[in-house]
Amino acid sequence: MPKLNLILQDGSEQSHELIDDVISIGRAPDNVMQVDDPSVSSRHCTLSLVDGDYVFRDLGSTNGSRVNGKDVAPETDHRLQSTDTLRLGKVEATYESENPAEARPLPEEDTPELMAAAESAAPTNFQNASPFQTKKKKKNPSGVAVMSLAAVAILAFLFAVLQILNLKAPDFPSVL
């Protein structure tokens, strides 16, 4: 038996078994399925049974409806398949059916319309163009002191090596 599982804004869940041929959904008490949520219109939509599955129709609701993430035009039929997601105002719903879902064609690829900009100006500094924060260099006085001492030690070592290389052997008188 088909079901409609609702998730209201407050996080509560409702599960409704769909047994009527035509099911009206809305906030008003005279609907077959009453949804007590301010984002749902008093007469939001209908579900009509056709060949074992339901057809969804938005009745011109104030906050609109979506099927599988796409906006639904009012008074347009959309055949539901198992695991389809609906959005009635701010209320999420999932449709479950006993009939296996048919393979759906891939959605058509939307090609964005490209236009050249009327004018362009480079930012004065590129800090606003980068999504990453710049790291500020921190001055570390003890690090500077250590590096200075290391440089002095290396220079002293090189000076000592040069002095050793410039040493001459002493002149001894020859004994022979």
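The exercises below work through a predicted model of one protein chain, each with a solution given in steps.

**Exercise 1. Overall make-up**

Task: State how many helices and strands the protein chain has, and in what order the elements run.

Solution. Begin with the count, which comes to one helix and eleven strands for the protein chain. Next, follow the elements from the N terminus, where the order is β-β-β-β-β-β-β-β-β-β-β-α. Then turn to the surface: the protein chain has 176 residues, and 24% of them are buried, while the accessible surface comes to about 13,900 Å², with 58% of that area belonging to carbon and sulfur atoms. Finally, consider how the chain meets itself: of the contacts between residues at least 6 apart in sequence, 36% join residues at least 24 apart.

**Exercise 2. A pocket and its lining**

Task: Describe the second largest pocket by its volume, its lining residues and the classes of those residues.

Solution. As a first step, take the volume, since the second largest pocket holds about 150 Å³ of space. Ten residues line this pocket, and those closest to its centre are V67, N68, K70, H78 and R79. The second step is to ask which strands contribute to the lining, and here strand 8 (70–71) and strand 9 (77–79) each supply at least two residues. The third step is to sort the lining by class, which gives two nonpolar, three polar and five charged residues.

**Exercise 3. Salt bridges and their surroundings**

Task: Find how many salt bridges there are, and describe the pairs D30 with R43, D71 with R66, and R87 with E92.

Solution. It helps to recall a general point before looking at the pairs: side chains of opposite charge can pair when their charged atoms come close. The count comes to five salt bridges.

Take D30 and R43 first, whose side chains meet with a distance of 2.5 Å from N to O. This pair links distant parts of the chain, for D30 is in the loop between strand 3 (22–26) and strand 4 (33–34), R43 is in the loop between strand 4 and strand 5 (45–50), and the two are 13 residues apart. To classify the partners, use the cut-off of over 50% for exposed residues: D30 has a relative accessible area of 51% and is therefore exposed, whereas R43 has 43% and counts as partly exposed.

Move on to D71 and R66, whose side chains form a salt bridge of 3.3 Å from N to O. D71 is exposed at 63% relative accessible area, and R66 is partly exposed at 32%.

In the salt bridge of R87 with E92, the closest N and O atoms are 2.0 Å apart. R87 has a relative accessible area of 29% and is partly exposed, and E92 at 33% also counts as partly exposed. To finish, note that R57, E75 and D77 are linked in a network of salt bridges.

**Exercise 4. Two positive phi angles**

Task: Say what is unusual about the phi angles of D51 and N68, and where in the chain these residues lie.

Solution. The starting point is that most residues other than glycine have a negative phi. D51 is not a glycine, yet its phi is positive, at about 55°. Its place is the loop between strand 5 and strand 6 (53–58), and at 70% relative accessibility D51 counts as exposed.

N68 likewise has a positive phi, near 55°, and is a residue other than glycine. N68 is found in the loop between strand 7 (65–67) and strand 8, and with a relative accessible area of 36% N68 is partly exposed.

**Exercise 5. Apart in sequence, but how far in space?**

Task: Determine how far G64 is from P74 and how far S82 is from E96, taking C-alpha to C-alpha separations.

Solution. G64 lies in the loop between strand 6 and strand 7. G64 and P74 are ten residues apart along the chain, and their C-alpha atoms are separated by 7.9 Å. Leaving aside residues up to four places away in sequence, G64 touches H44, D58, R87, L88 and G89, and at 23% relative accessibility G64 counts as partly exposed.

For the second pair, place S82 in the loop between strand 9 and strand 10 (85–88). S82 and E96 are 14 residues apart in sequence, and the C-alpha to C-alpha distance is 4.6 Å. As a last step, test S82 against the cut-off of under 20% for buried residues: its relative accessibility is 14%, so S82 counts as buried.

Technical notes
Residues are numbered from 1 along each chain as its sequence is written. This is a predicted model: local features need pLDDT of at least 70, side-chain atom pairs count only at pLDDT 80 or more; totals for chains, interfaces and linings use all residues. Side-chain values use heavy atoms; hydrogens and water are left out. Helices (H or I, at least four residues) and strands (E, at least two) are DSSP runs, numbered from the N terminus. Buried means under 20% relative accessible area, exposed over 50%, partly exposed in between (1.4 Å probe, protein chains only). Contact means heavy atoms within 4.5 Å. Accessible areas come from the Shrake-Rupley method with a 1.4 Å probe; for residues, only the protein chains shown count as cover. On a 1 Å grid over the protein atoms alone, a cavity is a set of points where a 1.4 Å probe fits but cannot get out, and a pocket is an open set with protein on both sides within 12 Å along at least five of seven lines; lining residues have an atom within 4 Å of a point. Grid points are joined across faces, edges and corners, and a volume is the space filled by probe spheres set on the points. Ala, Val, Leu, Ile, Met, Phe, Trp, Tyr, Cys and Pro count as nonpolar, Asp, Glu, Lys and Arg as charged, and the others, Gly among them, as polar. A salt bridge is a side-chain nitrogen of Lys or Arg within 4 Å of a carboxyl oxygen of Asp or Glu.
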